[in-house]
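Here are a few exercises to work through at your own pace. Keep the sequence and the 3D view side by side, and try each task before reading its solution.

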Amino acid sequence: MKQRSSGDPAVPDPVDSRLGIRLAELRAERGWSLGELADRSGVSRSTLSRAERAEISPTASLLNRLCHVYGRTMSQLLSEVESEPALLVRSAEQPVWEDRSAGFVRRSVSPPHAGLRGEIVEGRLTAGADIAYDRPPVAGLEQHIWVLEGELDVTVQEVEHHLGAGDCLRMRVWGPTRFRCAGPGPVRYVLTVVLP
């Protein structure tokens with residue numbers, strides 16, 4: 001779990017605050033205690049509590065586990081904490097979320113809307129970054145990964161695929177996946193996600 005590294009640690013990031021509120025709402029809507037959510041997600045009660053109170057900024061792995069439990073993609077969850085859905089989002093206004101400890105930057109390219117099935121995300125991994133997800137946020141999720149710059153190793157259904165610039169991998173995700181920056185430099189890719 002990453003701690004805040006910039007600004008006043010006593011003042012939560014506004015996005016983390018809205019995300020914490022939304023996570024608490026989702027748990028309350030289901031009538032689950034922190035213990036029940038911990039059992040379902042495999043995340044400790046204390047970590048869940050701290051995320052809901054915006055005392056920590058959640059990692060990509062933590063959000064993925066919670067998205068799986070709540071049946072949402074990460075973009076859907078993040079769009080629920082944005083102000084108003086827009087039809088057009090200029091490049092400078094596209095929400096960027098960063099997991100510094102994992103070397104991962106995620107830009108939500110598509111205008112956010114909880115009711116849409118498809119979305120486009122730009123991903124960036126630093127050299128050597130390695131992110132493993134133990135399950136998809138939604139079983140049967142369709143993903144297309146198009147590498148723009150660098151090299152990316154993607155493991156899905158225990159098969160590793162090496163992608164270079166211009167390569168595109170299509171997959172349907174049922175189990176664990178892994179994204180690893182395989183080259184000596186960073187990798188930048190487009191991830192298109194389609195709900196089943």
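The exercises below deal with a helix pair, salt bridges, a buried asparagine and two backbone angles.

This is a predicted model, in which local features need pLDDT of at least 70 and side-chain atom pairs count only at pLDDT 80 or more, while totals for chains, interfaces and linings use all residues. Residues are numbered from 1 along each chain as its sequence is written, and side-chain values use heavy atoms, with hydrogens and water left out.

**Exercise 1. Describe how helix α2 packs against helix α3.**

Step 1: Find the two elements, α2 at residues 34-41 and α3 at residues 45-52. Helices (H or I, at least four residues) and strands (E, at least two) are DSSP runs, numbered from the N terminus.

Step 2: Take the geometry. The angle between α2 and α3 is about 110°, and their axes lie 9 Å apart. Axes are lines fitted to C-alpha atoms, for helices over the stretch in contact, and angles run from 0 to 180 degrees between N-to-C directions. The pair is therefore roughly perpendicular (65 to 115 degrees; under 35 is roughly parallel, over 145 roughly antiparallel, the rest oblique).

Step 3: List the touching residues, where contact means heavy atoms within 4.5 Å. From α2 come L34, G35, L37, A38 and S41, and from α3 come R45, L48, S49 and E52. By class, this contact holds 4 nonpolar, 3 polar and 2 charged residues (Ala, Val, Leu, Ile, Met, Phe, Trp, Tyr, Cys and Pro are nonpolar, Asp, Glu, Lys and Arg charged, and the others, Gly among them, polar).

Step 4: Look at the buried side of α3, with buried meaning under 20% relative accessible area, exposed over 50%, and partly exposed in between (1.4 Å probe, protein chains only). T47, L48, S49, A51 and E52 are the buried residues of α3; their cover includes α1 (14-30), α2 and α4 (60-70).

**Exercise 2. Which parts of the structure does the salt bridge between R106 and E119 tie together?**

Step 1: Check the pair. A salt bridge is a side-chain nitrogen of Lys or Arg within 4 Å of a carboxyl oxygen of Asp or Glu. The N to O distance for R106 and E119 is 3.8 Å.

Step 2: Place both ends. R106 sits in strand β2 (residues 104-108) and E119 in strand β3 (residues 118-125), so the bridge links parts 13 residues apart in sequence.

Step 3: Check burial. R106 is buried at 7%, and E119 is buried at 10%.

Step 4: Compare with another pair. R135 and D134 meet at 3.0 Å, N to O; R135 is buried at 18%, whereas D134 is partly exposed at 32%. Shared partners also join R107, E122, R124, E149 and R188 into one salt-bridge network. The whole structure has 17 salt bridges.

**Exercise 3. Is N64 buried or exposed, and what does N64 touch?**

Step 1: Locate N64 in helix α4.

Step 2: Read its relative accessible area, 5%, which makes N64 buried.

Step 3: Leave out residues up to four places away in sequence; N64 then touches M74, Y133, D134, R135, P136 and P137.

**Exercise 4. Where do A54 and E158 lie, and what is the sign of phi at A54 and at E158?**

Step 1: Recall that most residues other than glycine have a negative phi.

Step 2: A54, in the loop between α3 and α4, has a positive phi of about 60° without being a glycine. A54 is buried at 6%.

Step 3: E158, in the loop between β6 (152-156) and β7 (159-163), also has a positive phi, about 65°. E158 is exposed at 81%.
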